[in-house]
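Reader: I'm new to this one, so could you walk me through it in plain words?

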Amino acid sequence: MSVRVSGMVFAAVLGAAVQARADTLVVCTEGSPDFLNAALSTANTSFDVTEQTSDRLIGMEVGGSGLVPALAEGWSVSEDGLTYTFKLRRGVKWQSSVAFKPSREFNADDVLFTFNRMADKAAPFHGLDSAYPEFLELVEPAFKAIRKLDDHTVAIDLKQPYAPLLNALSMQPFSISSAEYADTMQRAGTPEQLDRSPIGTGPFQFVQYQRDSTVRFRAFPDYWGKAEGSPRAAKVDNLVFTVTPDPAIRYAKLRAGECQVARYPNPADLPSMRADPALRVQESPIAAISYISFRTDRKPTDDRRVREALSVSVDLESLVRAVYQGSGRPTAAMVPAALWGHDGTLKPRAYDPARAKQLLAEAGYPDGFETDLWAIPVARAYMPNGRRAAEMIQADWAKVGVKARIISYEWGEYLRRARNGEAAIPMLGGTWDYPDPSQMLLAWSCDARRTGRNTAMWCSEAYDDALLRANRISGQAERTKLFEQAQRAFHDEVPGLLFADVDAFAVSRSNVQGFKLHFLGGQPFGGVSLAQ
């Protein structure tokens with residue numbers, strides 16, 4: 001049974017225009033979530049939703065990268081690195097809805113339900129919506145079992161040591177779901193509501209999703225962190241994400257007071273934003289990757305010479321200058337300079353149309369060929385203007401005889417089609433959700449082909465071996481060397497063309513207090529208030 005969020009409206013439409021009120025924080029976001037449960041997604045638009053509604057065993061400090069206790073108030077690791085034991089927080093209440101009133105507080109049964117749903121193909125909710133891409137790529141190869149030791153203690157057993165585990169568990173896809181809610185919806189014959197109308201323990205409670213328009217939340221008064229002074233506690237009564245794909249319109253809404261925070265501004269607008277006393281600009285270097293990938297299992301890009309030709313025929317310096325407008329720098333390293341493990345010795349291939357023509361002729365395409373080039377439809381820090389980038393690549397390729405048709409879709413549909421393998425040359429990217437190089441690198445592993453994350457369908461023994469060994473040891477110096485080996489394998493085999501190391505920006509109105517740009521995973525809006 002496959003049930004998707006797309007096209008569903010979960011409550012009565014409250015009106016197309018969102019008017020800002022003192023008790024309502026309105027955020028202009030760049031796209032609709034493809035799912036309302038981040039465990040089913042790889043998109044930050046989904047991570048942003050789950051960040052508000054739910055908690056993980058382990059949290060991350062807002063605006064930083066340090067791990068903090070969340071639903072687990074403490075944890076320990078066995079000497080052999082194979083067992084992680086978590087002591088669960090007591091007194092954590094679940095949210096409720098018209099269809100569900102919890103009869104108990106959070107406990108170990110909820111943790112077991114969440115992890116077994118991801119790991120056990122026989123679990124009732126396992127195949128309801130998705131293949132759990134993050135779990136499959138990040139944790140499944142090492143995961144053995146999860147055990148309940150008592151109502152407030154669980155243990156995760158591993159097949160082999162896995163250095164990034166604690167960091168991975170801090171990301172939104174590992175948020176804990178209510179086992180009681182799942183059971184209630186199953187008995188009611190509406191199991192899909194578990195993901196369509198999420199119930200969590202987070203600072204905000206989900207209210208309504210209207211596709212391509214709004215996601216609405218209200219403060220959860222019984223949030224466990226409220227009494228403890230958590231920086232994630234809600235400080236406004238209502239939170240609204242208003243979906244606004246065009247950065248120019250996000251800027252206009254921000255100036256008009258229709259939203260108080262605008263995500264992913266157009267880099268060209270930053271000078272005027274900084275000059276406006278009514279606005280505040282936040283910026284930070286981020287760990288992100290951006291690229292086009294080449295299908296290595298299809299002609300003509302199954303030939304390495306063709307992939308290199310497509311790469312050297314792109315004037316990367318000009319593209320980055322025009323598209324990123326000072327917010328990015330050309331790169332050839334998969335791990336960005338903002339994150340440890342970056343290989344600074346790798347440099348982008350020089351722009352060389354003559355060599356591109358030579359390589360194409362050697363590969364049997366002296367007159368070039370036709371292909372599809374996909375352009376992401378939303379603005380991201382890692383790609384501020386996908387359409388403009390695609391047009392520049394299209395023009396460069398035309399000079400060497402390659403005719404590219406630019407294709408795009410609404411963001412959720414774009415991701416679905418790309419993961420299903422429909423794109424010959426898709427444009428994609430992502431930001432790291434926790435500070436370990438392995439996360440985004442695993443998306444290019446051989447195993448990632450089955451989840452659709454590896455859109456190049458590339459499989460390199462040298463690359464996989466380096467990643468596997470890096471994640472089985474804990475020493476950062478040794479791990480760095482292995483991550484560098486993986487990056488060199490990518491550079492040598494050219495399964496994709498990397499674009500830029502980037503900075504992230506967000507803009508808020510001057511009356512917004514407590515907002516911190518968070519560059520790992522979903523953006524928290526707990527702790528944000530509006531001055532009167």
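Author: Let's start with a term: a nonpolar core is a set of buried Ala, Val, Leu, Ile, Met, Phe, Trp, Tyr and Cys residues joined through side-chain atoms within 4.5 Å. Buried here means under 20% relative accessible area, exposed means over 50%, and partly exposed is in between, with a 1.4 Å probe and protein chains only. This is a predicted model, where local features need pLDDT of at least 70, side-chain atom pairs count only at pLDDT 80 or more, and totals for chains, interfaces and linings use all residues. Residues are numbered from 1 along each chain as its sequence is written, and side-chain values use heavy atoms, with hydrogens and water left out.

Reader: Which residues have the most contacts inside the largest nonpolar core?

Author: Contact means heavy atoms within 4.5 Å. The largest nonpolar core holds 151 residues. Inside that core, the residues with the most contacts are Phe86, Phe115, Trp397 and Phe499.

Reader: Which helix gives this core its largest share?

Author: Helices (H or I, at least four residues) and strands (E, at least two) are DSSP runs, numbered from the N terminus. The largest share of the core is six residues, and they come from residues 108-119, which is helix H2.

Reader: What does Phe115 touch, not counting residues up to four places away in sequence?

Author: Phe115 is one of the residues with the most contacts inside the largest core. With those sequence neighbours not counted, Phe115 touches Leu57, Phe143, Ile146, Ile156, Leu169, Phe174 and Ile176.

Reader: How many residues are in the other core?

Author: That other core lies apart from the largest one. Val26, Val240, Ala262 and Leu279 are among its residues, and its count is twelve.

Reader: Zooming out, why is the chain as compact as a globular protein of that length?

Author: The chain has 16 helices and 21 strands. The radius of gyration is taken over C-alpha atoms, and the globule rule is 2.2 Å times the number of residues to the power 0.38. For 532 residues that rule gives 24 Å, and the chain is as compact as a globular protein of that length because its own radius of gyration is close to that, at 23 Å.

Reader: How much of the chain counts as buried?

Author: Along its principal axes, the C-alpha trace spans about 70 × 55 × 45 Å. The chain exposes about 19,700 Å², and carbon and sulfur atoms supply 48% of it; these areas come from the Shrake-Rupley method with a 1.4 Å probe, and for residues only the protein chains shown count as cover. Of the 532 residues, the share that counts as buried is 60%.

Reader: His152 caught my eye. Is His152 buried or exposed?

Author: His152 is found in the loop between strand E6 (143-150) and strand E7 (153-158). Leaving aside neighbours within four places in sequence, its contacts are Phe86, Lys87, Leu88, Arg89, Arg90, Phe106 and Ala108. Its relative accessible area is 16%, so His152 is buried.

Reader: And how far apart are the C-alpha atoms of Gly412 and Ser46?

Author: Gly412 is found in helix H13 (residues 411-419), and at 4% relative accessibility it counts as buried. Along the chain, Gly412 and Ser46 are 366 residues apart. Their C-alpha atoms, though, are separated by 9.8 Å.

Reader: Where does Pro300 lie?

Author: The peptide bond from Lys299 to Pro300 is cis, with omega near 0°. As for its place, Pro300 lies in the loop between strand E13 (288-293) and helix H9 (304-312).

Reader: What is the phi of Asp212?

Author: Asp212 has its place in the loop between strand E8 (204-210) and strand E9 (214-219). At 41% relative accessibility, Asp212 counts as partly exposed. Asp212 is not a glycine, yet its phi is positive, at about 65°.

Reader: What does Gln325 touch, not counting residues up to four places away in sequence?

Author: Gln325 is in the loop between helix H10 (316-324) and strand E14 (328-330), and it has a positive phi near 45° though it is a residue other than glycine. With a relative accessible area of 40%, Gln325 is partly exposed. Not counting those neighbours, Gln325 touches Asn266, Pro267, Ala268 and Val320.
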